[in-house]
Amino acid sequence: MLHLIDPAVPGRAEEIRRAFAGARPFRHCVIDGFLDEGFARRLLERFPDFERGNHFDEDGRPGGKSTHEQLRGLGEDYAALDDLARSEDFLALVGRITGIPDLLYDPMYFGGGTHENRQGQALDVHIDFNHHPATGWHRRLNLIVYLNPGWQPEWGGALELHRDPYDAANDEVVEVLPLFNRCVIFETTEHSWHGFRRITLPPEQAGTSRRSLALYFYTAERPAEETGPTHSTVYVDRGLPERFVAGYTLTQADRDELDALVTNHTGHNRRLYREIERLQAELERTTLNRLAGALRRRWARYRVRRQRPQ
């Protein structure tokens with residue numbers, strides 16, 4: 001299956017491995033021309049329509065992001081991509097580059113697959129969920145292939161890798177432009193903070209969107225010192241842009257950016273409150289079950305005592 005990758009990539013595996021191991025702010029690598037050029041072009045040409053994917057937010061309203069997890073349903077070329085991702089040769093190559101052996105492919109593409117983001121979309125800096133919800137496997141790597149010919153830096157949407165977004169004064173940030181057939185592989189840890197800033201396209205590019213393919217890889221075990229408590233995605237809300245200082249006059253674009261920041265902040269709060277409600281309900285059910293069990297045991301003991309001859 002490695003014929004679907006540019007033949008130069010396996011030949012450069014040792015060079016890429018060194019770059020991955022020494023990268024900051026955390027282990028990652030950027031590989032241009034990752035897929036065979038013709039194959040990458042076909043994946044772009046057959047990229048699913050926005051409305052075909054899941055483009056609804058948590059409240060059931062249409063949004064500016066669309067995902068499609070079921071790659072094999074997208075035609076022959078996407079089925080070939082799926083075959084590549086699960087092949088032993090590919091898993092061995094990615095393991096060699098990253099130094100992580102025994103990688104496992106996720107046939108569910110939970111959270112992965114095709115991603116498309118339209119004008120105005122952003123992704124707040126976050127770390128990913130750390131255990132697969134169905135298998136319990138440890139999430140180890142994100143492999144993203146971008147499919148955006150001619151993407152410009154001023155359009156936003158560049159992948160950002162952060163050392164510590166909670167410490168803005170000392171944060172270290174690396175940006176990666178989402179160019180066509182550019183692959184980024186990065187380790188998924190408790191400090192692999194990443195996201196992208198709001199997409200702001202010029203009028204003549206109004207129909208353009210940010211497209212990517214996301215493949216996630218796991219292992220059955222992980223060193224104890226790298227393992228954290230199970231958690232879902234953890235977001236850090238962005239602060240106000242540095243240009244917002246006393247006396248600054250807001251433009252309509254500034255107002256739109258502020259609206260987006262507030263909307264994201266509100267959405268994160270709502271998600272957290274729902275999670276708290278779910279956990280509270282689970283705690284109450286557990287407590288009631290324990291009380292019911294204790295009452296049943298007491299009643300059983302009482303009946304035994306009543307039945308004993310006096």
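**Reading charge, exposure and contacts in a predicted model**

Tutor: The protein carries 41 positive and 47 negative side chains, with the centres of the two sets 11 Å apart. Keep in mind that this is a predicted model.

Student: Which residues gather in a patch of positive charge on the surface?

Tutor: A patch takes residues with over 30% relative accessible area and no salt bridge, and like charges are joined within 9 Å. Here the patch consists of R296, R297, R298 and R301. One of them, R296, lies in helix α6, which spans residues 252-307.

Student: Is R296 buried or exposed?

Tutor: Exposed means over 50% relative accessible area. R296 has 56%, so R296 is exposed.

Student: How does L250 count at 46% relative accessibility?

Tutor: Values between 20% and 50% are called partly exposed, so L250, at 46%, falls in that class. L250 sits in the loop between β13 (234-235) and α6.

Student: Which residues does L250 touch, not counting those up to four places away in sequence?

Tutor: A contact requires heavy atoms within 4.5 Å. By that test L250 touches F244 and L258. L250 and E76, 174 residues apart in sequence, are 49 Å apart in space, C-alpha to C-alpha.

Student: What does the whole protein look like in numbers?

Tutor: There are 6 helices and 13 strands, and the C-alpha atoms fill a box of roughly 90 × 60 × 40 Å along the principal axes. Of the 310 residues, 42% are buried. Among contacts with a separation of 6 or more, 81% join residues 24 or more positions apart. The accessible surface is about 17,300 Å², and 52% of this surface belongs to carbon and sulfur atoms.

Technical notes: Residues are numbered from 1 along each chain as its sequence is written. This is a predicted model: local features need pLDDT of at least 70, side-chain atom pairs count only at pLDDT 80 or more; totals for chains, interfaces and linings use all residues. Side-chain values use heavy atoms; hydrogens and water are left out. Patches are made of residues with over 30% relative accessible area and no salt bridge: like charges are joined within 9 Å, nonpolar side chains (Val, Leu, Ile, Met, Phe, Trp, Tyr) within 5 Å. Accessible areas come from the Shrake-Rupley method with a 1.4 Å probe; for residues, only the protein chains shown count as cover. A salt bridge is a side-chain nitrogen of Lys or Arg within 4 Å of a carboxyl oxygen of Asp or Glu. Lys and Arg count as positive and Asp and Glu as negative; His and the chain ends are not counted. The place of a charge is taken as NZ of Lys, CZ of Arg, CG of Asp or CD of Glu. Helices (H or I, at least four residues) and strands (E, at least two) are DSSP runs, numbered from the N terminus. Buried means under 20% relative accessible area, exposed over 50%, partly exposed in between (1.4 Å probe, protein chains only).
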